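The exercises below ask how charged and nonpolar side chains are arranged in one protein chain. Each task is followed by a solution that proceeds step by step.

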Amino acid sequence: MNSYDEQFKVLLCGDSGVGKSSILLRFTDDVFDDVAPTIGVDFKVKALEVDGRRVKITAWDTAGQERFRTLTSAYYRGAHGVVLVYDVSKRETFDNLASVWLPEVNQYSTRPEVIKMIVGNKLDLANREVSSADGDALARRNGCLFIESSARTAAGVRQCFEELVRKVLDTPQLCAS
Ligand code: GDP
Ligand code: MG
């Protein structure tokens, strides 16, 4: 597959340790690495076919800068889709989506129609601090899509990106064709 109908920039944000790099690695390479997920990688490219359209996704990872709350406006610029990740076993990471990450995405997005997907990750863990209903409610209040995932088991990961891309494809302002 070397020609595409669409090329989209997608980026990940959310607190450090919630599994952003692991979700990206699971999506692009279908692996899970317990030891070194936060790789120094800026972005990965993945081809996807959604509803018969060939899409090239350039997915940007924070490379750890989110630890210092210093994602620059350049990181957000031009994004068609944003994946906002929290950890279902850590309430604070969910609260920070509402108080830190959603406002930041809204402030820096250069496309008003940008599609936002909220992801409750680490679904495989038993010690849940955030219910599915809470995640769903936050997404509804903010006009976002919502899914729960596990980078460890792969549950929900591919679906997350497919649903995000499907919504981008359904938004004429975000598409070339
Ligand atoms: P980031 O800082 O948001 O990029 O998070 P990382 O991808 O570096 O992951 C942080 C830690 O959480 C690592 O030890 C991962 O192995 C672990 N982790 C990530 N996703 C999952 C998951 O779905 N389930 C479990 N149990 N651990 C995960
Ligand atoms: Mg990381």
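A residue is called buried when its relative accessible area is under 20%, exposed when that value is over 50%, and partly exposed in between. The model to which this rule is applied here is a predicted one.

**Exercise 1.** Classify E66 as buried or exposed, and then describe the salt bridge that joins E66 to K20.

*Solution.* Begin with accessibility: the relative accessible area of E66 is 5%, and E66 is therefore buried. K20 has a relative accessible area of 3%, so K20 is buried as well. Next consider the contact itself, in which the side chains of E66 and K20 form a salt bridge with an N to O distance of 2.8 Å. Finally, place the partners along the chain: E66 belongs to the loop between β3 and α2, whereas K20 belongs to helix α1 (residues 20–29), and the pair thus links distant parts of the chain, 46 residues apart. In total, the count of salt bridges comes to 13.

**Exercise 2.** Locate D61, and determine which side chain of opposite charge is nearest to D61.

*Solution.* D61 is placed in the loop between β3 (53–60) and α2 (73–76). The nearest side chain of opposite charge is that of K20, at 5.9 Å. A salt bridge requires a nitrogen to carboxyl oxygen distance within 4 Å, and D61, although buried, has no salt bridge. What the side chain of D61 does make is a polar contact, at 2.6 Å, with the side chain of S21.

**Exercise 3.** Compare the accessibility of the partners in the salt bridges R26 with D30 and K44 with D29.

*Solution.* In the first pair, the side chains of R26 and D30 meet at 2.9 Å, N to O. R26, at a relative accessible area of 13%, is buried, while D30, at 52%, is exposed. In the second pair, the closest N and O atoms of K44 and D29 are 3.1 Å apart. Because K44 lies in strand β2 (residues 43–50) and D29 in helix α1, this pair ties together parts that are 15 residues apart in sequence. K44 is buried, with a relative accessible area of 19%, and D29 is partly exposed, at 40%. To complete the survey of charged groups, note that R91, D95 and D134 are linked in a network of salt bridges.

**Exercise 4.** State which residues have the most contacts inside the largest nonpolar core, and which element gives the most to this core.

*Solution.* As background, in soluble globular proteins nonpolar side chains tend to be buried together. The largest nonpolar core has 28 residues, and those with the most contacts inside it are I23, I57, V83, V119, F161 and V165. The elements that contribute two or more residues to this core are β1 (6–13), α1, β2, β3, β4 (81–87), β5 (115–121) and α5 (157–169). Of these, α5 gives the most, with seven residues. To see the surroundings of one core residue, take V83, whose contacts beyond four places in sequence include V10, L12, M117, V119, F161 and L164. A second core, separate from this one, has 23 residues, among them Y75, V88, V105 and C144.

**Exercise 5.** Decide whether G52 counts as buried or exposed, and give the separation of G52 from D5.

*Solution.* G52 lies in the loop between β2 and β3. Its relative accessibility is 54%, so G52 counts as exposed. The C-alpha atoms of G52 and D5 are separated by 9.7 Å, the two residues being 47 residues apart along the chain.

Methods:
Residues are numbered from 1 along each chain as its sequence is written. Chains are lettered from A and ligands numbered from 1 in the order in which they are written. This is a predicted model: local features need pLDDT of at least 70, side-chain atom pairs count only at pLDDT 80 or more; totals for chains, interfaces and linings use all residues. Side-chain values use heavy atoms; hydrogens and water are left out. Helices (H or I, at least four residues) and strands (E, at least two) are DSSP runs, numbered from the N terminus. Buried means under 20% relative accessible area, exposed over 50%, partly exposed in between (1.4 Å probe, protein chains only). Lys and Arg count as positive and Asp and Glu as negative; His and the chain ends are not counted. A polar contact is a pair of N or O atoms within 3.5 Å; within protein, one must be able to donate a hydrogen and the other to accept it, and residues adjacent in sequence count only if both atoms are side-chain atoms. A nonpolar core is a set of buried Ala, Val, Leu, Ile, Met, Phe, Trp, Tyr and Cys residues joined through side-chain atoms within 4.5 Å. Contact means heavy atoms within 4.5 Å.
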